[in-house]
Amino acid sequence: MTKRINLALQGGGAHGAFTWGVLDRLLDEEDIEIAAITGTSAGALNAAALASGLARGGRAEARAALDGVWEEMGAVTDMRVSSWLTQFGPTSAMMAAWAGATLPLLDGLTTVMSPYAFGPFYSNPLQGIVEDLDLSGCAMDDGPDLFISTTNVHTGKIRVFANDEVSEDVILASACLPEVFQAVEITDPKTGQTDPYWDGGYTGNPALFPLFEPQYPDDVVIVNINPLERTGTPRTPEEIRNRVNEISFNSSLLRELRAVQFVRDLIAEKRMPEGLMKAVLVHMISDDEMMRDLSVRTKMVPSPVMLARLKHAGQAACDTFLSTHKDDIGKRGTVDLSEMFS
């Protein structure tokens, strides 16, 4: 029997290669149908590649689209070489330490120099990758529904673009870190108003609420790439910055999950009429142990070896989830939200 799910894909820069691995493994499951996908930042790139590829040519096309995105991200032509090198390359912790030692210059530049200081010489490094991503499937009815989160700079509110609203500029906006990239201006075709947009991670990483509509299945599988918990008190500037980044990019997700649990409690206690709101079944695929070895700096370093290692970790995490919880899909959630918020 076909199991229908929704996917929620977090953003996190180069760490989004973990999600690439999860999706690559998930595409092997012929009896799992993806009804809708919501994504932010790197999750938006993954979501658009997956949704458009599925609509255009099915699972093979979706896998090829995902591979294309991340091969370009790592600036390599054959990820098999990088996959082989992961057996001999530095550990994740060593790569994080290397990034911490080599990227202070970038930090210094972003505190004293605006991305607007480049004037006519400015270019968004993601532009070419997004331009090469075939978004034609986003306007088709054959694939899953697609939702991409951005942050409106003027209002500070989330703006979710759906299906045929998703354009190259929307993807770039969803991944627009304001210290590094110029805001992406998008014109609303209905009102003619043009607004600047920043990374969607500030307001929805990813946004879950589009998946609560009745036409979508109850199951939401979140691919989480920002550790929810980290032991110890951050003391160095690097540790503090890293944890602040993780907390801020998880905060909107945790708010929505708390709301999900609130609704579930109301339904369980019969304080809400049955059918008025959906009892969402939440699942999560993550590898917090690996992600805790990395840092906010490695999000900005898409080295081929690290991307390949993250992909393998995502494949393994998805495999573990499927072997443990595939039978739970459609029956019960596998994330204990009451314990999470106790």
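**Close-up views**

**View 1. D132 is an exposed residue, with a relative accessible area of 54%.** Like every view described here, this one shows a predicted model. D132 sits in the loop that runs between helix 7 (127-131) and strand 3 (145-152). Its C-alpha atom is 8.2 Å from that of V69, although 63 residues separate the two along the chain. V69 belongs to helix 3 and takes part in the contact of that helix with helix 2, which is the subject of View 3.

**View 2. The protein chain as a whole contains 12 helices and 8 strands.** Of its 342 residues, 51% count as buried. Among contacts with a separation of 6 or more, 78% join residues that lie 24 or more positions apart.

**View 3. Helix 2 (residues 42-57) and helix 3 (residues 59-73) cross at roughly 145°.** The two axes come within 6 Å, and the crossing is right-handed. Helix 2 contributes L45, N46, A49, L50, G53, L54, R56 and G57 to the contact. From helix 3 come R59, E61, A62, A65, L66, V69, W70 and M73. By class, the residues of this contact divide into 10 nonpolar, 3 polar and 3 charged.

**View 4. Helix 1 is largely enclosed by the rest of the structure, because 10 of its 10 residues are buried.** The buried residues are A17, F18, T19, W20, G21, V22, L23, D24, R25 and L26. E29 is found in the loop between helix 1 (17-26) and strand 2 (32-39). This glutamate is also buried, because its relative accessible area of 13% falls under the 20% limit. Leaving aside residues up to four places away in sequence, E29 touches R59, L322 and K326. R59 is one of the helix 3 residues in the contact with helix 2.

**View 5. D199, a residue of strand 6 (residues 194-199), counts as buried at 1% relative accessibility.** Apart from residues up to four places away in sequence, D199 touches T40, S41, T151, A173, S174, A175, C176, L177 and F249. The C-alpha atoms of D199 and L177 are 5.5 Å apart in space, and the two residues are 22 residues apart in sequence. S41, another residue that D199 touches, lies in the loop between strand 2 and helix 2. S41 is buried as well, with a relative accessible area of 9%. Its phi is near 55°, a positive value in a residue other than glycine.

**View 6. K270 has a positive phi of about 55° although it is not a glycine.** The residue is placed in the loop between helix 9 and strand 8. K270 counts as exposed, because its relative accessibility of 75% is over the 50% limit.

**View 7. A cis peptide bond joins N205 and P206.** Omega for this bond is about -10°. P206 lies in the loop between strand 6 and strand 7 (219-223).

**View 8. The second largest pocket has a volume of about 400 Å³.** Of the 18 residues that line this pocket, L228, M284, S286, V335 and M340 are the closest to its centre. Two or more lining residues are given by each of strand 8 (281-285) and helix 11 (304-325). The largest share of the lining, 5 residues, is that of helix 11. In terms of residue class, the lining comprises 9 nonpolar, 6 polar and 3 charged residues.

**View 9. A search of the whole structure finds 1 cavity of 30 Å³ or more.** The volume of the largest cavity is about 50 Å³. Its lining consists of H15, I225, N226, P227, N242, N245, E246, M291, L294, S295, V296 and K299. Helix 9 (residues 237-268) supplies 3 of these residues, the largest share of the lining. The lining divides into 5 nonpolar, 5 polar and 2 charged residues.

How values were computed. Residues are numbered from 1 along each chain as its sequence is written. This is a predicted model: local features need pLDDT of at least 70, side-chain atom pairs count only at pLDDT 80 or more; totals for chains, interfaces and linings use all residues. Side-chain values use heavy atoms; hydrogens and water are left out. On a 1 Å grid over the protein atoms alone, a cavity is a set of points where a 1.4 Å probe fits but cannot get out, and a pocket is an open set with protein on both sides within 12 Å along at least five of seven lines; lining residues have an atom within 4 Å of a point. Grid points are joined across faces, edges and corners, and a volume is the space filled by probe spheres set on the points. Helices (H or I, at least four residues) and strands (E, at least two) are DSSP runs, numbered from the N terminus. Ala, Val, Leu, Ile, Met, Phe, Trp, Tyr, Cys and Pro count as nonpolar, Asp, Glu, Lys and Arg as charged, and the others, Gly among them, as polar. Buried means under 20% relative accessible area, exposed over 50%, partly exposed in between (1.4 Å probe, protein chains only). Contact means heavy atoms within 4.5 Å. Axes are lines fitted to C-alpha atoms, for helices over the stretch in contact, and angles run from 0 to 180 degrees between N-to-C directions. A crossing is left-handed if the near helix is turned anticlockwise from the far one by less than a right angle, and right-handed if clockwise.
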